[in-house]
Number of protein chains: 2
Amino acid sequence: MARPKSDDRRSAIMAAATRVIARDGLGAATAAIAKEAGVSNGSLFTYFETKADLFNQLYLELKAEAASASMKGLPAKADIRTQMARFWSNSMGWAMAHPDKRHALALLTMSEDITPASKAAGHKAMAGVAAVLERSRAKGPLRNAPMPFVIAMMNAVGDATMDFMLADPAHAKKHSKAGFEALWGMLG
Amino acid sequence: MARPKSDDRRSAIMAAATRVIARDGLGAATAAIAKEAGVSNGSLFTYFETKADLFNQLYLELKAEAASASMKGLPAKADIRTQMARFWSNSMGWAMAHPDKRHALALLTMSEDITPASKAAGHKAMAGVAAVLERSRAKGPLRNAPMPFVIAMMNAVGDATMDFMLADPAHAKKHSKAGFEALWGMLG
DNA sequence: GAAGAATGACTGACTGGACAGACATTTATG
DNA sequence: CATAAATGTCTGTCCAGTCAGTCATTCTTC
């Protein structure tokens with residue numbers, strides 16, 4: 001019946017938001033995002049009702065992408081340390097390949113206008129990870145800790161590791177390995 | 001001479017800023033801070049040249065307080081695990097006793113208008129910690145990692161632990177212990 | 001399949017509100 | 001009385017979200 005919304009435009013806005021948020025922080029102006037996307041100010045609001053809406057959708061998309069990337073090719077039959085190592089390497093590799101996405105996601109995770117519903121959905125996307133973690137910590141010092149606590153620990157170590165890899169890419173491999181050893185020491 | 005500046009007023013502003021930042025985030029309005037302090041809008045600017053200036057001074061003050069609290073009564077002669085445990089318990093205790101301060105400090109640490117100079121000074125305040133950490137990690141998986149990396153790991157685990165303690169105070173002790181075991185596993 | 005009616009996406013100037021910081025005036029201190 | 005702190009209004013800036021008008025696309029009718 002009428003001009004259809006374009007997926008290209010929608011994803012141009014999402015991609016622009018990723019870049020601008022990574023650059024300007026959560027205070028990023030919608031006008032700046034629209035400009036970066038090559039789209040008019042008003043047009044942004046035909047794709048996203050509010051700025052918070054845009055942020056929530058972007059959060060979910062990035063979270064899903066990060067989760068899927070980190071679970072790629074897990075050797076289901078290998079021992080648990082090998083699986084964990086593969087997961088770790090996937091996660092760190094994704095972060096290195098997409099620093100803007102990883103930075104924007106880190107900021108959005110802290111943002112106050114990500115709704116509880118979005119956070120819940122985000123955690124759901126990470127469900128596969130939880131299973132691997134569960135086995136990893138079975139005999140370690142965290143064997144009796146609540147699972148969300150264990151997940152938070154892993155994220156904390158992961159975030160800190162990524163920060164170092166991005167700040168010092170020359171030794172990224174080394175930092176990634178050190179981070180994994182730290183994680184494994186904590187779990188096993 | 002002339003009317004002197006009052007330390008009471010200055011610290012009222014600092015305390016108010018702590019509360020308001022904890023409540024409203026880094027977007028906290030200077031007007032809100034002044035009001036909370038029972039001080040006029042303009043007066044705030046006779047004590048702090050700019051908002052960023054206030055934030056930097058508050059960051060340093062909170063950082064110094066946290067550092068000093070966490071080093072209190074370290075048993076210099078005890079074995080390293082005992083020292084580390086005392087440090088950990090001090091840190092977590094301070095955070096539980098002053099949730100606003102700890103939250104504001106966490107936010108300020110991420111803030112973009114904390115200058116590199118302030119961050120450097122902040123790290124300096126934590127110097128005592130570094131020595132304890134150095135001995136703790138001497139034989140563990142992180143024995144060859146750069147010290148800043150080890151510090152970042154510890155902070156990451158500490159932040160995650162505090163989040164859980166504050167969110168679930170009934171089991172604060174348990175969370176604190178679990179966090180310590182995680183840290184110790186990582187180091188030793 | 002051509003004409004044109006209907007739809008709704010697109011644009012960018014605009015609005016209302018919030019906020020950092022300045023300033024003119026008042027008040028306290030020595 | 002000289003000096004400087006205190007006050008709170010005021011101003012310029014910035015920004016999320018709106019809106020009136022435009023135009024691309026699709027549907028309908030002959």
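**Notebook: helices 5 and 9 of chain B, and the contact with chain A**

I noted that helix 5 of chain B and helix 9 of chain B are oblique to each other (angles under 35 degrees count as roughly parallel, over 145 as roughly antiparallel, 65 to 115 as roughly perpendicular, the rest as oblique). The model is predicted, with local features requiring pLDDT of at least 70, side-chain atom pairs pLDDT 80 or more, and totals for chains, interfaces and linings using all residues. Residues are numbered from 1 along each chain as its sequence is written, while chains are lettered from A and ligands numbered from 1 in the order written.

I looked up the packing of helix 5 (residues 80–97) and helix 9 (residues 147–167) of chain B: the angle is about 45° and the axes lie 10 Å apart. Helices here are DSSP runs of H or I, at least four residues, numbered from the N terminus. I then listed the contact (C-beta atoms, placed from the backbone, within 7 Å): B:S91, B:M92, B:A95 and B:M96 of helix 5 meet B:G158, B:T161, B:M162 and B:M165 of helix 9.

I turned next to the contact between the chains, which takes 21 residues from chain B and 21 residues from chain A. Helix 9 of chain B gives the most to its side, with nine residues.

I superposed the copies by least squares on C-alpha atoms of residues with pLDDT of at least 70 in both. Chain B lies on chain A with an RMSD of 0.1 Å after a turn of 180° and a shift of 0.1 Å along the axis. That is the relation of a two-fold axis. Of the contact residues of chain B, 100% recur in chain A.

Technical notes:
Axes are lines fitted to C-alpha atoms, for helices over the stretch in contact, and angles run from 0 to 180 degrees between N-to-C directions. Helices (H or I, at least four residues) and strands (E, at least two) are DSSP runs, numbered from the N terminus. Two residues are in contact if their C-beta atoms, placed from the backbone, lie within 7 Å.
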